[in-house]
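This note is written for a colleague who meets the structure here without earlier acquaintance. Its points take up the enclosed spaces and then the chain as a whole.

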Amino acid sequence: MHIKSWARKKVQGIVGASDLKWRRPPVIDVRPSGGETRVYYLAPSGMTPSGGVRVIYRHVDMLNSMGISAAVLHDRNGFRCGWFENDTRLQQLDSLHFRANDILVVPECYGPGLQFLPDDCRKMIFNQNAHHTFDQIPLNSSTAGHPLAGVHNILSLMTVSEDNAELLEYAFPDVRVEVVRNVVDSKLFHPGLEGQHRHAIGYVPTRRAHELDQFLHIMRASGALDDGQWEFLPVTGMSELQVGQALQTCQLFVSLSEHEGFGLPAAEAMASGCYVVGFAGGGGREFFDPSYCAPVEDLTGLVRETIAALDRPQSELAELGRKASAEILGRYSLDGLRVDLERIYERVLWSG
């Protein structure tokens, strides 16, 4: 469906049932409390690589390493993500025995179906992109403006950036909002060997499609690429390992982030030693530091800063890339994630 057509139908309140079907969470029966509290992270079962699902797997791994029983609960039996290596604990729907003292962590993509979850199910909403909170909710519906209205037993709302937290606190002033940082895996995303970078400009072609097209045309028209030394490398359709390997060969990365919860591609590029030029996309504002990258506000700025980067000495770009890598890997680490999860779950587990 064309986006304008979909938006018109959303406003009119006639969004098709097929658009909402996958967003309805599975049926969960709540049994009486008993034993230790277990945490289940609900997750969609898509074959396409998804950074949000990768984050869910990492949370479950970390919670289990902390001694908190946790598992991923996919909305389809027998499914496991295969685009990154994992031995994460899974719980099959057909053998789930959910108890009243357990916790169900629900991604924001299930927002339109939250009212179908039992009232006595203890819930945490994991919103990895606040800019999509109201997707698929018609403006004339009973939940317009507040998809959490009438949803009982919400313990807190987790999100992944300060930008998202600020927006969610305005949207839901009566719900506790907590930030849990993302992780950039230093085993996969690091500068690599000396001299491994080539004259490649990485980018993810799934954001700002129109601006990307304009950008590539203008870059060609500018003559900045006439000497044939630089090539554009689309980083898409790859496994997590392949993404890391591709970024290690790029000296520059163009960020096309738009309305991001965090902006993981740009952070991973920085961790890989790339000099990043482009849009912070909201969530990335907390790590788009002009001392080691080039934030822009519009298409003209994107062209100008990219051309300026091409004119900089390679040694200078490499030094800025190393600085960016150190900043990202130092801040978005597994140790940092553990600190955040300990803070959040210490409170939640003692709340009932």
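1. The model is predicted. In the largest cavity, the lining residues comprise 6 nonpolar, 3 polar and 1 charged. The lining is formed by Glu108, Gly111, Leu114, Ile125, Asn127, Thr133, Pro147, Leu148, Leu157 and Phe172. Glu108 is the charged residue of this group, while the polar ones are Gly111, Asn127 and Thr133.

2. The space inside the largest cavity amounts to about 70 Å³. With a threshold of 30 Å³ or more, the count is 2 cavities.

3. For the second largest cavity, the volume is about 50 Å³. Its walls are supplied by Val72, His74, Arg76, Asn77, Gly78, Phe79, Leu90, Gln91, Gln92 and Leu93.

4. How do the residues lining the second largest cavity divide into nonpolar, polar and charged? The division is 4 nonpolar, 5 polar and 1 charged. Arg76 is the charged member, and the nonpolar members are Val72, Phe79, Leu90 and Leu93.

5. Turning to the whole molecule, the protein chain contains 10 helices and 13 strands. It has 352 residues, and 51% of them count as buried, that is, they have under 20% relative accessible area.

6. Contacts between residues at least 6 apart in sequence were also examined: 69% of those in the protein chain join residues at least 24 apart.

7. As to the exterior, the protein chain has an accessible surface of about 16,500 Å². Carbon and sulfur atoms account for 51% of that surface.

Conventions:
Residues are numbered from 1 along each chain as its sequence is written. This is a predicted model: local features need pLDDT of at least 70, side-chain atom pairs count only at pLDDT 80 or more; totals for chains, interfaces and linings use all residues. Side-chain values use heavy atoms; hydrogens and water are left out. On a 1 Å grid over the protein atoms alone, a cavity is a set of points where a 1.4 Å probe fits but cannot get out, and a pocket is an open set with protein on both sides within 12 Å along at least five of seven lines; lining residues have an atom within 4 Å of a point. Grid points are joined across faces, edges and corners, and a volume is the space filled by probe spheres set on the points. Helices (H or I, at least four residues) and strands (E, at least two) are DSSP runs, numbered from the N terminus. Buried means under 20% relative accessible area, exposed over 50%, partly exposed in between (1.4 Å probe, protein chains only). Contact means heavy atoms within 4.5 Å. Accessible areas come from the Shrake-Rupley method with a 1.4 Å probe; for residues, only the protein chains shown count as cover.
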